[in-house]
Structures are given as C-alpha cells and as structure tokens.
Amino acid sequence: MRIGAHVDPTDPLDAAAIRKAEAVQFFLADPQGWKAPEPRADAEQLRAADVDIFIHAPYVINVATLNNRIRIPSRKLLLSHATAAATVGAKGLIVHGGHVSKGDDVAVGFDNWRKTFAYAAEHGGFATPVLIENTAGGDYACARRFDALARLWDAIGEYEVGFCLDTCHAHAGGEELLNIVDRVKAITGRIDLIHANNSKDGFGSGRDRHDNFEHGMIDPDLLVAVVRAADAPVVVETPGGADGQSADIAYLRDHVGG
Ligand SMILES: [Zn+2]
C-alpha cells in the first residue's frame with residue numbers, strides 16, 4: 001500500500017523524501033484560480049520517480065453548477081489539468097464532486113457531470129484518470145451524501161470514472177466511516193485513492209477542517225480500518241507541515257499492517 005501526503009508543488013519529490021512518502025499529491029496551478037497549468041521543469045523527474053503522483057484540481061472547478069460562467073470554464077480547466085497531469089505521470093486527477101446552487105435541481109447537476117465526460121470524450125478523453133472526491137458540506141452537493149453519490153454514478157456510469165474517498169469529508173458530511181468502503185464500492189465499484197484525514201469538527205457538521213490522526217474527532221482506529229479495507233493508495237492532507245504529516249504517515253504504517 002502506497003502512503004503519502006499532499007505537499008507544496010515547489011519540490012514534490014523532496015517533500016516526499018522528507019516525509020518518507022511513497023505517494024504525493026499537489027496542485028499544478030493556484031487552487032483558487034482559473035489559470036491553466038504551466039509546464040513543469042521537473043516533469044521528467046516526476047514521471048521517472050518511484051513515487052506515485054496524484055494531482056488535485058483547483059477548488060474553483062464546479063462542473064455541476066447550472067451557472068454557465070462557472071460550468072463552462074470548469075470543464076475546460078478540468079480537461080487542461082488532466083492533460084498537464086499526464087505530463088508528470090499522474091495516476092489520478094482528483095476533483096471535488098461539486099454542487100448546484102440553492103433552489104436548483106441537483107438532477108441537472110448530475111447531468112452536467114455526464115456532459116462533462118461527454119465533452120472530454122469529444123476532445124479525445126481525459127489524459128489522466130479523473131477521480132471524483134466526496135465533499136463535506138452543502139445541501140445541494142453531488143457527492144456529499146451517498147444517496148446523491150449513487151445518483152451521480154447512475155448519470156456517469158457509462159464513462160470510466162474513478163473515486164477518491166476523503167475520511168474527513170465523509171465524517172463531516174454525515175456518512176458513517178464504519179463499513180464505508182463496502183458502501184462506496186456498492187455504488188462506484190471502486191476506490192482509487194483514500195484521503196486519510198481526521199476532522200476538527202463533529203459528525204455531520206458539514207465543515208471541512210482536516211486534523212492530524214491523533215487530534216481530531218474521529219477515532220484513529222476507524223481511519224486505519226478504512227485504509228485497510230480500501231486497499232488503495234493513501235494521501236494524508238493533514239496539517240502540521242512535514243512533521244505533522246510524517247507522524248500521520250508513520251501512524252498508518254504502524255497500524256494498517258497489524
Ligand atoms: Zn481530500
């Protein structure tokens with residue numbers, strides 16, 4: 001099982017070495033911005049590295065929304081990120097499930113997801129596997145509660161789509177972590193990546209504040225159980241810089257095997 005961390009994009013391989021990580025996730029562009037990714041000087045080293053590379057798409061992307069001025073650029077940005085992620089040998093491009101606005105019909109949001117994959121297919125397909133991530137908050141989300149996730153998968157099931165399970169988001173979003181891997185796989189058939197994070201907030205709070213394994217509101221044994229059951233690569237997106245993340249990675253290595 002490959003275990004790693006979300007790191008600063010400046011020197012991901014150095015960040016991986018410091019954390020003794022076998023996987024890294026980073027951004028290729030400002031996560032709050034709309035700029036397409038720039039080519040990376042270290043693309044060849046990243047491709048050749050014995051570290052699994054995952055790219056997180058910008059947070060501004062929301063392909064589900066009914067708002068054309070967000071949805072259309074979101075599709076384009078997702079496609080350009082998938083192309084750029086392939087140049088660094090990424091195994092997956094993680095993107096949040098998105099949401100519609102208050103009062104809008106979430107069914108249209110699911111169909112907008114389908115149109116996103118249709119749009120990509122018209123442009124030769126995503127160059128990197130897209131992994132849709134469950135989210136923590138909002139009443140109109142496409143991938144917060146699993147009843148919505150099931151409807152999303154009904155809409156996009158004809159395409160090759162991956163899934164990234166975030167433990168903090170599930171807990172804060174109101175999905176129990178006990179046996180969650182089975183519940184996800186019953187819907188998606190797969191888990192491609194785990195974002196293993198504790199949560200500063202309570203169950204169902206809707207708040208997205210990650211915490212270190214031994215500090216948050218989730219019993220760390222439960223995080224270990226999810227990681228063990230999923231048997232997928234793991235990325236911690238926890239605070240505390242290299243020290244905090246190294247401790248969380250070591251915690252997983254110490255507990256998952258046993
Ligand atoms: Zn995450």
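## Strands β5 and β6

Let's start with one pair of residues: E133 sits opposite C164 of β6. This is a predicted model, so keep that in mind as you look around.

Zooming out a little, strand β5 covers residues 130-133 and strand β6 covers residues 162-166. The two run parallel, and three bridges join them. As a general point, strands of a sheet pair through backbone hydrogen bonds, in either a parallel or an antiparallel way.

## The barrel

Those two strands belong to something bigger: a closed barrel of eight strands, in the order β1-β2-β3-β4-β5-β6-β7-β10, with parallel pairing. Going from one strand to the next, the twist averages 25°.

The UniProt record, an unreviewed entry, annotates residues 16-254 as "domain: Xylose isomerase-like TIM barrel". Across residues 16-254, the chain is 41% helix and 14% strand. The C-alpha atoms at the two ends of that stretch are 18 Å apart.

## Helix α1

Now for the helices. Helix α1, made of residues 12-19, lies across β1 (3-6) and β2 (23-26). Relative to β2, α1 runs at about 135°.

## Helix α8

Further along the chain, helix α8 takes up residues 220-230. Which of its residues are buried? They are L223, V226, V227 and A230. Look down the axis of α8 and these buried residues fall within an arc of 95°, so they line one face of the helix.

Right after α8 comes D231, and its phi is positive, near 50°.

Conventions: Residues are numbered from 1 along each chain as its sequence is written. This is a predicted model: local features need pLDDT of at least 70, side-chain atom pairs count only at pLDDT 80 or more; totals for chains, interfaces and linings use all residues. A residue is buried if 20 or more other C-beta atoms lie within 10 Å of its own, exposed if 12 or fewer, and partly exposed in between; C-beta atoms are placed from the backbone. Helices (H or I, at least four residues) and strands (E, at least two) are DSSP runs, numbered from the N terminus. The arc is that of the directions from the helix axis to the C-beta atoms. UniProt positions are given in the numbering used here, feature names are shortened, and annotations may be inferred rather than shown by experiment. Two strands pair if DSSP finds at least two bridges between them. Axes are lines fitted to C-alpha atoms, for helices over the stretch in contact, and angles run from 0 to 180 degrees between N-to-C directions. Two residues are in contact if their C-beta atoms, placed from the backbone, lie within 7 Å.
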